[in-house]
Amino acid sequence: MEVKLVNLTKIFSKKEGDVCAVDHINITIPNGKLVGLLGPSGCGKSTTLYMIAGLHRPSDGQIFFGETEVSKYPPEKRGIGLVFQNYALYPHLTVKENIMFPLENKKMPKKEALEKAQKYAALVGIENLMDRKPGQLSGGQQQRVAIARALVKEPEVLLLDEPLSNLDARLRLQTREEIKRIQKNTGVTTIFVTHDQEEAMSISDEIVVMNFGVVHQIGKPQDVYNEPIDMFVAKFLGTPPINILPAKVVNSKIKLFDDEFKEDVKIDFVEGQELNIGIRPEFVQIDENGKYEIHVEMVEYIGRDKSILFHFKGQESTCKAIVPSNLMVEPDSDIKINFNRFFLFDKEGKRLV
Amino acid sequence: MQDKEINFDCKVDFDGNLVTSKETKTSKKTPKKINDKKKKQNNKTAMLEWKKDGWKAVISLAPALLILLVFTFYPIVRTFIISFFPHYNYLDDSFGAFGVDSFTRVLSDPLFWRAMANTAIMVLVSVPLSIIIALLITVLLNSIKRLQGFFQVIFFLPYVTNGIAFGLVFATIFSPMDYGLINTLIHFFGGKSIAWTGTAETIPYWAGIFVITIYSIWNGLAFKILVFLSGLQGIDKQYYQAAQIDSTPKWRVFTKITVPLLSPMILYITITSLIGAFKSYSSIVALFGESMGNSQDRTFITAVGYIYRYFNDVTSGGSVTMLSRASAAALILFVFIMIITFVQMWANSKKVHY
Ligand SMILES: Nc1ncnc2c1ncn2[C@@H]1O[C@H](COP(=O)(O)OP(=O)(O)O)[C@@H](O)[C@H]1O
Ligand SMILES: [Mg+2]
């Protein structure tokens, strides 16, 4: 089912004043897709998810499931499945009882409920753990039980709140593939909340990048990465993160402190305007005839690639470049580089090129 | 802990204070019980540290141990021994011949069985009723949003209220006189006064039991609510959100989520209340006087009351050998409480989730 958020807003009233956790966001989640809601901690992801679930009442705006407006519906009327960040499995019930719990609420006959539970347990690969209690399961297994419990009622929409954040690195990789597979198999419209950009990029059909309750950009992961709409999105996506170089327009030329920024920029600038130039580590190319001379401070080997830490002359902040590891680069030497791409942002972070 | 529970705290009650001593006792025990789980986990490390800190521990525990030995363990052992010497004379501390006469006499005494029947009513009726009522009130209290603090104070007031004031209020409500609150109500609807409390011969059995039940429910309510409330607030709210999303009916939320997750608290309250009910005495004295009903029948005598009757006989110049009977009765009660507690623990070990 298509999920549509229109001007959705949530304001928490606190003693210290109002907090606008979600600020007039508009998102359309296409039917059967997996959408990643991505942003730093505290940006309002969970609040958005809980509003879709009905656990929070929106301060303003509407939520549509297909054609129906569900904003006023209580959670139990929305037909959603929700996987909580720490799973919220009932500790006193076995895995089987946990998965069957939503079905028993609907007074489904025991036999049918058991069959369904078994089907979804098999789907998430926990059919041999049915008689254990959650306390006897690993984090990854608990997470699958939680997904099975959310899926067993065959919801129209599946909501996942940072489902992988309690898992160790290896399990996280494995489980996110699993989530992708389960979502593909069931075709359920899924909203997946995470603060981990890599996680969101790897499994989402579309990502929604949020900050301070505002949506910055929506799009296919690769598109958002390649064409970030502003500096926040550019900085938030990518590891190692993008290099941001402060620059200034002097005599109609962009100056990077001492150096001149020697790229073609077809934009009219105001004299004295301050800018930020964004260069992803992989945009840097070592070139004997390069336009810029830099000082290499440190060279790190990271498997297939090599990362170079360097300074532009006169610049304080360290930049990072990723180059193939067969290139010879000595630490503490001067080399020449070129940029094969760059992003130009104004002082406020808006993308100019 | 078992021994401590069974120790005759009735002595404390002799000052005529209307507080059932079980209340003061349980309150002291709360932190201890709650720490029990931690204690278990710390057991291993404690063992390792024992060698190093053993002497320190002995020295710091010595005063408490000494007091326990003198005032708790020694009397228990004495009681045990005396009960098997039917001619024990407490004036010259002579034991006489060994025998089980005291037990046979107690067990064939109709008054003893009346006492056991009354105690059984307290144990089987008041305790489950009071726990269920406390649970329901707690869940309601926890679910209201506005004025929650206000209502919590209301339900907690009896706990901090002086026992005498509490008893007086109760005496006014259930006074056997025409001006009693309930009797006034009965008059208003055209009925006749009922002797609810006191030592009159005309107290209907059901009325007395009714008052005892109400009294013990009300008396223990605050503490139970306090324990349940703290337990409830420790339950992760996400369980309830998950239940709501899965459209769980309210009653099912209560029975399938709240009660199981509160089960450690429920077990604790059940055991302490059961033991308290077995030991009930001071509340009966407060409601029906020292004779626990009219002086011939002692209609509302309880097990501990029975022990006291014989103990009293001795101190007030009756036959000195009655002390052996009192001890025998105490021992029988002890065995009863122990059996019930073990059964309870065993039954709950299958159902309680820590
Ligand atoms: N129940 C609440 N009451 C008050 N403020 C809240 C509540 N829930 C969240 N907030 C605030 O709203 C903002 C967004 O929170 P949240 O949606 O949990 O962020 P995220 O899930 O993206 O980390 C935070 O500033 C948080 O402090
Ligand atoms: Mg969150």
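Here are some notes on this predicted model, taking cysteines, strands, the main pocket and chain B in turn.

1. Cysteines. Don't go looking for disulfides here: a search of the whole structure turns up 0 over all chains. Take A:Cys20, which is in no disulfide. The nearest cysteine sulfur belongs to A:Cys43 and is 12 Å away, whereas a disulfide needs the two sulfur atoms within 2.5 Å.

2. Buried or exposed? That's worth asking of A:Cys20 and A:Cys319. A:Cys20 has a relative accessible area of 35%, so it is partly exposed. A:Cys319 comes out at 3% relative accessibility and therefore counts as buried, because the cut-off for buried is under 20%.

3. The β1–β2 hairpin in chain A. Strand β1 covers residues 3–14 and strand β2 covers residues 17–29. The two run antiparallel and are joined by 9 bridges. A hairpin of 2 residues takes the chain from β1(A) to β2(A). If you want a pair to click on, A:Ser13 stands opposite A:Asp18 of β2(A).

4. What else does β1(A) pair with? Strand β4 of chain A, residues 60–65, is a partner. This pairing is also antiparallel, and it has 5 bridges. Here A:Lys4 has A:Phe64 in β4(A) as its bridge partner. When you look at side chains along these strands, keep in mind that in a regular strand they alternate between the two faces of the sheet.

5. The largest pocket. Its space comes to about 1,300 Å³, and 30 residues line it. Lying nearest the centre are B:Asn142, B:Ser143, B:Lys145, B:Tyr240 and B:Lys250. Sorted by class, the lining has 14 nonpolar residues, 10 polar and 6 charged.

6. Which elements supply that lining? Chain A brings in β1, the strand from points 3 and 4. Chain B brings in α5 (110–143), α9 (205–233), α10 (237–245) and α11 (250–261). Each of these elements gives at least two residues to the lining, so the pocket is lined from both chains, because β1 belongs to chain A and the helices to chain B.

7. Chain B overall. Its secondary structure is 15 helices and 0 strands. The chain has 354 residues, and 45% of them count as buried. As for contacts in chain B between residues at least 6 apart in sequence, 66% join residues at least 24 apart.

Terms used:
Residues are numbered from 1 along each chain as its sequence is written. Chains are lettered from A and ligands numbered from 1 in the order in which they are written. This is a predicted model: local features need pLDDT of at least 70, side-chain atom pairs count only at pLDDT 80 or more; totals for chains, interfaces and linings use all residues. Side-chain values use heavy atoms; hydrogens and water are left out. Buried means under 20% relative accessible area, exposed over 50%, partly exposed in between (1.4 Å probe, protein chains only). Two strands pair if DSSP finds at least two bridges between them. On a 1 Å grid over the protein atoms alone, a cavity is a set of points where a 1.4 Å probe fits but cannot get out, and a pocket is an open set with protein on both sides within 12 Å along at least five of seven lines; lining residues have an atom within 4 Å of a point. Grid points are joined across faces, edges and corners, and a volume is the space filled by probe spheres set on the points. Ala, Val, Leu, Ile, Met, Phe, Trp, Tyr, Cys and Pro count as nonpolar, Asp, Glu, Lys and Arg as charged, and the others, Gly among them, as polar. Contact means heavy atoms within 4.5 Å.
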